[in-house]
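Open your viewer and keep the sequence panel in sight. We will move from the whole chain to single residues.

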Amino acid sequence: MKLLSQTQAEAQVSQLAAIARDCLIDEARLSPKPGLVDSRGNGAHQDLTLALMERSARSLQPTFLQLARQCWQRPADVALREAVGRLGREGERQMMAATGGVNTHRGAIWALGLLVSAAAMNGGGADAERLARTAASLASLPDRAAPKLFSKGLKATHRYRVPGAREEAQQAFPHVVRLALLRSRAAGASESEARLDALMAIMTSLSDTCVLSRAGLEGLQTMQAGARAVLLAGGCMTAQGQRALAQLDADMLALNASPGGAADLLAATLFIDRVAVTAHHSFL
């Protein structure tokens, strides 16, 4: 691995933090997203707005910067895992302070925090598969200081016996489907359409604990089937796909369901897309 000067390394870690922040903002602004906050409105949420999501994303940039500095060219071990956990929990407190106590990006701190850490561990970048494997190696290590209380997401994973955000990371982010993004771009989709197609691809099979917490198995099945219908109709660049997307949005709003887990993984997809060294051979 090429050794960088301290100034070059600091520029790299600063760039990683800025990219992570921008991916959260880009995900929040992307429209129209079914049931989610976007540039049209608040989706199925009463306590979230686009302005709040953007404020939250900016509040997390210092956390991403500290994670990148802490992990720069270091191997995965328990000490690093516990340092990453501590910084993530501090970042969560900063986020909650910035949002007045509203949970805007708790899941995204986990996913993007691990990926920022993985990119830094690899000296600023690697191919998509290596980034995901590095993040998985870190996520699989124990953190003795991790809180013992169950979040809503963890409660949903236990109640419905499905994998959650922890397992997604430990399994090297199998639902981060960068291929959908690349295929849609190659087919002539606009960048927004390609990102929406990537979101649909995630939603077709993800056990989204945000949806399960709000709308149970009915909500999850509605999300998955609706997302498949969008892609089968040719994706968001086609008129039929756009109609299917509008129907999915209406169905999610009727169920008061918001696929926040899928949104977190879309932000992760955008991050990997921007920092991966090789863009063409990975399943991610």
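The tour below starts wide and then zooms in.

**Before you click**

This is a predicted model: local features need pLDDT of at least 70, side-chain atom pairs count only at pLDDT 80 or more, and totals for chains, interfaces and linings use all residues. Residues are numbered from 1 along each chain as its sequence is written, and side-chain values use heavy atoms, leaving out hydrogens and water.

**Stop 1: the whole chain**

Select the protein chain and show it as a cartoon. How many helices and strands are there in the protein chain? There are 13 helices and zero strands. Both are DSSP runs numbered from the N terminus: helices are H or I with at least four residues, strands are E with at least two.

Now turn the chain around. Its C-alpha atoms fill a box of roughly 50 × 45 × 35 Å along the principal axes. The radius of gyration is 18 Å, which agrees with the value near 19 Å for a compact globule of 284 residues. That radius is taken over C-alpha atoms, and the globule rule is 2.2 Å times the number of residues to the power 0.38.

**Stop 2: surface and inside**

Switch on the surface. The protein chain exposes about 12,400 Å², and carbon and sulfur atoms supply 52% of it. These areas come from the Shrake-Rupley method with a 1.4 Å probe; for residues, only the protein chains shown count as cover.

Of the 284 residues, 54% count as buried. Buried means under 20% relative accessible area, exposed over 50%, and partly exposed in between (1.4 Å probe, protein chains only).

**Stop 3: helix 13**

Select residues 260-275. This is helix 13, with 16 residues. Is helix 13 mostly covered or uncovered? It is mostly covered: 15 of its 16 residues are buried.

**Stop 4: a cis bond**

Go to S31 and P32. A cis peptide bond joins them, with omega about -5°. P32 sits in the loop between helix 1 (6-29) and helix 2 (50-59).

**Stop 5: two positive phi values**

Most residues other than glycine have a negative phi, and most peptide bonds are trans. Select A172, in the loop between helix 8 (165-170) and helix 9 (178-186). Its phi is near 70°, a positive value. A172 counts as buried, because its relative accessibility is 14%.

Finish at N256, in the loop between helix 12 (239-254) and helix 13. Here phi is near 55°, again positive. N256 has 39% relative accessibility, so it counts as partly exposed.

Note on methods:
The expected span of a helix is 1.5 Å times one less than its number of residues.
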